[in-house]
Amino acid sequence: QIVYYAIMLAGIILVASPFFFVGEAWSRAIRRVINPFSNLQPKTAALLLAVQPGSITLVRGEELLMTCRATGRKGQKVELDLWPTDDKQSILLLGRLNGAGEDEYSFRVPKIVSAIDYRFRVGDAVPSERFRVDVVPPLAFTSIRLAITPPEYTGFSPTNFDGLADKIEIPQESKVVLSVLCNQTIAAARIVIGREPPQPLISADNGLNWSADMTVNSGRVMTVTVADRRGTELATQIKFLLLPDKPPAIRVIAPAGKSVLGAGSVPRIEFEVTDEYGLSRVQLQRGDRSENTAGKGQVVREWAFKDDIGVTTNWVGKPADVVLGTVFRLVAYDNARPGEPHRAISEPIIFDNGTAAAMDQQNQKSAELAERLLASLRELQRANLDQTEKLVAALTTATGEQWGEVQGKQTTIRQMAGEILKNPRRPLGPLTEGLQRAFSGAMREVIDVLGRLPKSDGVEK
């Protein structure tokens, strides 16, 4: 029994004695032997504290910085194991622990081009896990497609365009389906047309293909913006030519200008109406000249059409259709649908039911009035010229008030000339053009010179 106790004591001494030499490392080892399933880490001379950045995804060409923090006994190696996908495995020695506390060690890849696995090892510490750095190409558009369906009334067929290469034309009110594909899955996408609010795109396959349905009525540029799962955004502009649906064009062939109806004559209007996509109807409306009745007058006649792009026709009325103050207008409607059609209104068409003799009498009165104005203008101009010559002769003593009086009279003369030129009957006949040149040129220049004379000195004066 003494021998048994001696053996037990010797065993206890044998197991416990290393504790006094290696400390806690031995006690941890004993506990791990007793409980093999324990999570207790072995006591080491080095300790790996943290690794950055862990497993991440980078864009090709970005910088990769791998860093670890460690502590432990001086002299322990700090190594980095690398497994690049385009090269063989390598082991890099980053340095040794200095034993003075926590140390940080890093390795920098200026521009990463392919995926890589990495792991840090510090002395006898448990190595870090094997981290993965995936590499993706820079975010880019692979394709942008536009499927355009013009309004049915235009007669255009649906068309597909390459948004990255084609010259795009979109008829107004077209339905457009935009499809976007990038070189990687993206998290969000949107489109903005002109100044309209942004419209989100929708993906039905977890971020690979994106699309949006819209109706295009305005603008010249579409801006498509996508964002990847890292928050990086990419935008491109798609220019397009909007083909607007213009109102119809109306040309009145006859009468050309104001028309006078003699005794027993009837009003007659000949006109042409065109529209790029087609007409639905044309109205002849009658109203009062003293009121703004454009587009709101009484409908005298209406012509219906079925998508005609151009028509030429006429209307012949009765003498009773023209009374004092009557004005006619043509109102044309295109075939735009749905919604309100586009409308065009012609210039006023005026018939006077006075006699030719009455018109001649009116022209004679107008000519006589213009002649009197012209005679008065000549007398004023002659008198002002005489006064100007007297002031020029006494240039050094003439006062500013005297020059101002001459300038005021010259301004009045030019205003009278303007009144004569405004007369639509052109009472001066062929002399009108000469007066117009003087009104725009010499008459205006002399007023400016007369205004500067009082302020001039010496040679300039």
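A strand, as I use the word here, is a DSSP run of E with at least two residues, numbered from the N terminus. I note at the outset that the model is predicted.

**Entry 1: positive phi at Glu 173**

I looked up Glu 173 and placed it in the loop between strand E11 (168–171) and strand E12 (174–182). Glu 173 is not a glycine, yet its phi is positive, at about 75°. I then asked how exposed Glu 173 is. Its relative accessible area is 42%, so I recorded Glu 173 as partly exposed, given that this class lies between 20% and 50%.

**Entry 2: positive phi at Asn 206**

I turned to Asn 206, another residue other than glycine with a positive phi, here near 60°. Which strands flank the loop that holds Asn 206? I found strand E15 (202–203) on one side and strand E16 (209–216) on the other. Asn 206 counts as exposed because its relative accessibility is 68%, and the cut-off for that class is over 50%.

**Entry 3: cis bond before Pro 53**

I examined the peptide bond from Gln 52 to Pro 53 and asked whether it is cis or trans. The bond is cis, with omega near 5°. Pro 53 belongs to the loop between strand E1 (46–52) and strand E2 (56–59).

**Entry 4: cis bond before Pro 255**

I next inspected the link between Ala 254 and Pro 255, which is a cis peptide bond with omega of about 5°. Where does Pro 255 lie? I located Pro 255 in the loop between strand E19 (249–254) and strand E20 (259–260).

Conventions:
Residues are numbered from 1 along each chain as its sequence is written. This is a predicted model: local features need pLDDT of at least 70, side-chain atom pairs count only at pLDDT 80 or more; totals for chains, interfaces and linings use all residues. Side-chain values use heavy atoms; hydrogens and water are left out. Helices (H or I, at least four residues) and strands (E, at least two) are DSSP runs, numbered from the N terminus. Buried means under 20% relative accessible area, exposed over 50%, partly exposed in between (1.4 Å probe, protein chains only).
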